[in-house]
Every structure is written in structure tokens, then in C-alpha cells.
Amino acid sequence: MHGPDLVRALQQAERVVVLTGAGASAESGIPTFRDALTGLWSRFDPARLATEEAFREDPELVWGWYEWRRVLMGRCAPNAGHAAIARMQQAVRERGGALDVVTQNVDDLHERAGTRGVIHLHGDIGSSRCADCGARRPPGDPHGEVPEGGRRAVPPRCPACGGPLRPEVVWFGEELPAAAWSRAATAARAADVLLSVGTSSTVYPAASLPRFALESGARVVQVNPHPTGLEAIADDDLRGRAGSVLPALADAAFGPSGADFQR
Ligand code: OAD
């Protein structure tokens, strides 16, 4: 599945970046966006749900849909892939190196698996801010059961200006949070190894990160059960699910789960 040279590259790397997308959380029960049938964008229209215009036009529809996703994500647990990434970060750190996790996911499963300093490029579904004055506000608890796809719900009002709260996520047409993007781009350019895990590599600027790493001479590894196009330029194409491929890679590079890291 992966050659000894990849294992050696990981063992010797001082700087590792793991870029994750929706596929990294799929085995936790969170739907991806573009997988056929199960992907959110094959069942829901992003133009009606994931743009500033959609929110202004129908805030109850958009807020209710995000409440559904927020509740769903809260009930899901990290999977073996998240755990393997956290374990690799720990091993690389113990050796004096750095492993940065850059995620396009708005869940907190990397954090709950023990990864530190996660860079969220597309925001955090557990937070919200006022759509008018921008003040950060806790979103509050959704009332009752949230059905599949959500149900219309009036967004809470900002206590300062009365504007509607919106989820703290990046919508189509919006800029990425500048500090997160800057950290991610710097980490990718400095990486010795970059793992691109569970992303279709279609949404920019996140999809530029493996290219930044390649341009700087890094080894780029894709982990995905399906081709995305990135495999054409990546050094390694590990076909499989994150929850299987990553634990095997972590075991091979840093010793089996629970064992002391071999220096
Ligand atoms: P996509 O849904 O576009 O891609 C998910 C990828 O995960 C696909 O390439 C799948 O083959 C792969 N996949 C599925 N199951 C997997 C598993 N168990 N292990 C590993 N890979 C698996 O999701 P993203 O690339 O994350 O943006 O989408 C990027 C952005 O588009 C999202 O952040 C979101 C969306 O619109 C915003 O909301 C701003």
C-alpha cells in the first residue's frame, strides 16, 4: 500500500502538513459534499444554503439547515483516521518537528481526537456571529429534534444591534479567514511532506496548498478511495479510506498504536 521510502520520508520529515476535507469525517457519519448520492451538494442546492445572498433572502431556511448539521456533527465521534493524525502529530513533535493540520471541515473532530492547533480554513460550525455588526455570539442550543435536512428556524438576534446571527463558516464567494489562510500557506510552503486526505481538491484556495508544497520540493501524498486529479502530480496515491490508510501509515512510521515512538 505504501512503500518503505514513504515511511522513511515521514520519519525524517521535520515539517508535515495534513490537509483534510469532508472525506476525513465521512467514517464518523458526516456526509461529504460531492460524493454521488450521499454528498450534500447532490441533495441540497448550495446556492440556496451556502451564500450570503441565500441567508439574506431566507435566513430561516439557512439557519435551520446549519442547525441540522451542527447537531449531527455534535453527535459524531472522531474516527480512526482522526486518531492516527493526532498520534502522528504527537510523534513528530516528540522528535522536535511540527505537524500542522489544515482542515476544510467545520466540525471539531480533529480537536476531539487530540490534535492541537488545527487551522480551520472554512470556519467552525459551533460558532456564530452577527450578520450585521460581526460580533461573535454563541449560537445557543437548537430546540428539540432536528430532522434530516433541518427545519426552518429563526436565527437568534444579536443582543447589541438586533441583526440575525449566522454560522461562523465560509460561504461561496466569501474570503477565507486571513490569519488561517496565511498560516496554512506558510506551512504548506515549508512542508517536507504534505498529506491530502479526503478532499476532492476542487475548492480553491484550499486546493492550491498541495501545489505550494510541491513547488517547494515537498513530497505530496493523497489519501482517498477515489481519484481526484491530484494523483497526477502527487508522489504517492494511497487509495483507500482515511480510517484504514492513516492508522496503517502511522503504525509503519511511528510504531503501532499505544507503543512508544522509536527514536
Ligand atoms: P468533497 O465532498 O468535495 O470531497 C470529499 C472527498 O472525500 C472525495 O474525494 C471522496 O472520494 C473522499 N472520501 C470519501 N470518503 C472517504 C474516506 N472514508 N476516506 C478518505 N476520503 C474519502 O469535500 P471537500 O473536498 O472537503 O466548502 O470539499 C471542499 C469544500 O467544498 C468544503 O469545505 C465545502 C464544500 O463546498 C465550504 O463549505 C466553503
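Author: Quick convention before we start: helices (H or I, at least four residues) and strands (E, at least two) are DSSP runs, numbered from the N terminus. This is a predicted model, in which local features need pLDDT of at least 70 and side-chain atom pairs count only at pLDDT 80 or more, while totals for chains, interfaces and linings use all residues. Residues are numbered from 1 along each chain as its sequence is written, and side-chain values use heavy atoms, with hydrogens and water left out.

Reader: Okay, then where does the ligand sit?

Author: In the largest pocket. A molecule counts as sitting there if more than half of its atoms lie within 2 Å of the pocket's grid points. On a 1 Å grid over the protein atoms alone, a pocket is an open set of points with protein on both sides within 12 Å along at least five of seven lines, a cavity is a set where a 1.4 Å probe fits but cannot get out, and lining residues have an atom within 4 Å of a point.

Reader: How many residues surround the ligand, and which are the closest?

Author: There are 24 around the ligand, and Arg 34, His 122, Thr 199, Ser 200 and Asn 224 are the closest. To be in that shell, a residue needs a heavy atom within 4 Å of the ligand.

Reader: And what does the shell divide into by class?

Author: Nine nonpolar, 11 polar and four charged residues. Here Ala, Val, Leu, Ile, Met, Phe, Trp, Tyr, Cys and Pro count as nonpolar, Asp, Glu, Lys and Arg as charged, and the others, Gly among them, as polar.

Reader: What does His 122 do with its side chain there?

Author: One of its polar side-chain atoms lies 2.7 Å from an oxygen atom of the ligand. Backbone atoms come in too: a polar one of Ala 22 is 2.8 Å from a ligand oxygen, and a polar one of Gln 104 is 3.2 Å from a ligand oxygen. The cut-off for a polar contact like these is a pair of N or O atoms within 3.5 Å; within protein, one must be able to donate a hydrogen and the other to accept it, and residues adjacent in sequence count only if both atoms are side-chain atoms.

Reader: Back to the pocket. How much space lies in it?

Author: About 1100 Å³. Grid points are joined across faces, edges and corners, and a volume is the space filled by probe spheres set on the points.

Reader: Which residues lie nearest its centre?

Author: Gly 21, Ala 22, Thr 32, Phe 33 and Arg 34, out of 50 lining residues. That lining has 25 nonpolar, 18 polar and seven charged residues. H2 (23-26), H3 (40-43) and H6 (59-75) each supply at least two of them, and H6 has the largest share with four.

Reader: What about the second largest pocket, how much space is in there?

Author: About 300 Å³. It has 18 lining residues, with Gly 123, Asp 124, Arg 136, Glu 168 and Pro 177 closest to its centre. Strands S4 (123-130) and S6 (165-169) are the elements that give two or more; S4 gives the most, four residues. By class the lining has five nonpolar, three polar and 10 charged residues.

Reader: And how many cavities of 30 Å³ or more are there?

Author: One. The largest cavity holds about 50 Å³ of space. Its lining includes Trp 63, Tyr 66, Arg 70, Ile 125 and Pro 167, and H6 again has the largest share, with four residues.

Reader: New topic: which peptide bond is cis?

Author: The bond from Tyr 204 to Pro 205 is cis, with omega near 10°. Pro 205 lies in the loop between S7 (193-197) and H10 (209-215).

Reader: Where is Leu 37, and what is its phi?

Author: Leu 37 is in the loop between H2 and H3. Its phi is near 70°, a positive value in a residue other than glycine.
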